[in-house]
Amino acid sequence: MKFNLTAQDPLSKARAGEITTDHGTIQTPIFMPVGTAGTVKAVHQHELKQDISAQIILGNTYHLYLRPGLNTLESVGGLHKFNGWDGPILTDSGGYQVYSLTEVRKIKEEGVTFRSHIDGSKHLFTPENVMDIQRIIGADIIMAFDECTPYPCDYNYAKRSIEMTHRWLKRCCDRFDSTGPKYGYSQTLFPIVQGSVYKDLRVRSAEVIASYEREGNAIGGLSVGEPAEEMYAMTEIVCNILPQQKPRYLMGVGTPVNILENIALGIDMFDCVMPTRNARNGMLFTKNGIINIKNEKWKNDFSAIEDDSDLFADRDYSKAYLRHLIHSGEMLGAQIATLHNLHFYLWLVKEARKKIIAGEFYDWKNMMVKRLGQRL
């Protein structure tokens, strides 16, 4: 994997770049649609490519390990062959999912034992086997196995947690570096900065992560319930330490406003289930603010979902029709809303990139932040 920094905004730390992988080039800043179980919910691969203009998607180690399982994925030649997506894929290590299974998991130095949410069967994730699992899944970008601390989190717990995450990282790197890719294309490993909302822990973790000199770095443990101001403060601290010439990935973030504010702090890569999950519940993100399409006010609004959009679904369907579909529980409603939200997120980061290259990002960002957060 290679990363070239191509532009820097003069009034903020926003930057534009290009990540080159064996499955294609990614122009940053970028938003990555989440395909937890091998699919971005309610979206075909050709729609991802042609209509949404996604450049990279996510898979999740925990879910793919349980179902369809490693035997199936290895037999077909990895996730790209299995789901028909020929662009880059990033896999989350499963650490966040295991963290969320608080009732059915136990964290030890060796790794994490947990019970499947599907059938209750018992499993063990270690830094070593999580590297092996992600090799088999076949991701272009593999995430280190870490512990994602909750919010709020006791300082001493957060301190013990980052120390274990750093020990686990050493084991991840050793295993990753002693093995090779399985399917004839290269794979790369990103470590993850942790430390909850404690400045000294974030500084220490960022310094340790930077010292490993991997090809890219991630920031985890944010967007887990802390106020946005805390997220921005931690991101700024970490971006000041992580190397300039490597991509920075802020995991699990977030709203359109969160994305623009974090781009301004120096983040290059984002993912979040919000555009897809909220779409299925009738929440649309637009250039002028947030629409709850279930509201009565849209019942007889026959205007296009977003008439200045280049997405067919935005122009061809009205707000009233989409409201009817969502209220009726029709699958097409979830499909249209998901297409819209993902297209909007990809439009937003593409527009941010244009403004960075033109040297106009900072003022545009401030104008957009006021607009995007309002409820319509």
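Start by selecting Lys-106, in strand β7, which spans residues 105-107. Keep in mind that this is a predicted model.

Now add Lys-108, Arg-115 and Lys-122 to the selection. Together with Lys-106, these residues gather in a patch of positive charge on the surface.

**Helix α6**

Next, select residues 127-137, which make up helix α6. How many of the 11 residues of this helix are buried? Nine are, so α6 is largely enclosed by the rest of the structure. Colour the buried set: Pro-127, Glu-128, Val-130, Met-131, Ile-133, Gln-134, Arg-135, Ile-136 and Ile-137. Charged residues are on that list too, including Glu-128 and Arg-135.

Step just past the helix to Gly-138. Its phi is positive, about 95 degrees.

**Two cis peptide bonds**

Most peptide bonds are trans. The next two stops are not.

Go to Thr-28 and Pro-29. A cis peptide bond joins them, with omega at about 5 degrees. Pro-29 sits in the loop between β3 (24-28) and β4 (30-32).

Then move to Arg-67 and Pro-68. Here too the peptide bond is cis, and omega is about 15 degrees. Which elements flank Pro-68? Its loop runs between α2 (61-66) and α3 (70-76).

**Around helix α8**

Select residues 199-211 for helix α8, and pick out Ser-205 within it. Ser-205 is buried, because its relative accessible area is 0% and the cut-off for buried is under 20%. Show its side chain. What does the side chain of Ser-205 reach? The partner is the backbone nitrogen of Gln-194, at 3.1 Å.

Now check the loops on either side of α8. Most residues other than glycine have a negative phi. Each of these loops holds an exception.

Ser-196 lies in the loop between β12 (192-193) and α8. Its phi is positive, near 55 degrees, though the residue is not glycine. Is Ser-196 buried or exposed? Ser-196 is buried, with a relative accessible area of 3%.

On the other side, select Glu-213, in the loop between α8 and β13 (217-219). Phi of Glu-213 is also near 55 degrees, again a positive value outside glycine. The surroundings contrast: Glu-213 counts as exposed, at 63% relative accessibility, whereas Ser-196 is buried.

For a last view, show Ser-196, Ser-205 and Glu-213 together. Ser-205 marks the helix, Ser-196 the loop between β12 and α8, and Glu-213 the loop between α8 and β13.

Note on methods: Residues numbered from 1 in each chain as written. Predicted model: local features only at pLDDT ≥ 70, side-chain atom pairs only at ≥ 80, totals over all residues. Heavy atoms only, no water. Patch = residues over 30% accessible without salt bridge, like charges linked within 9 Å, V, L, I, M, F, W, Y side chains within 5 Å. Areas by Shrake-Rupley, 256 points an atom, 1.4 Å probe, with all protein chains shown as cover. Salt bridge = Lys/Arg side-chain N within 4 Å of Asp/Glu carboxyl O. Lys, Arg positive; Asp, Glu negative; His and termini not counted. Charge placed at Lys NZ, Arg CZ, Asp CG, Glu CD. Helix = DSSP H or I, 4+ residues; strand = E, 2+ residues; numbered from the N terminus. Buried < 20%, exposed > 50% of the residue type's maximum accessible area, 1.4 Å probe, protein only. Polar contact = N/O pair within 3.5 Å; in protein donor to acceptor, adjacent residues only side chain to side chain.
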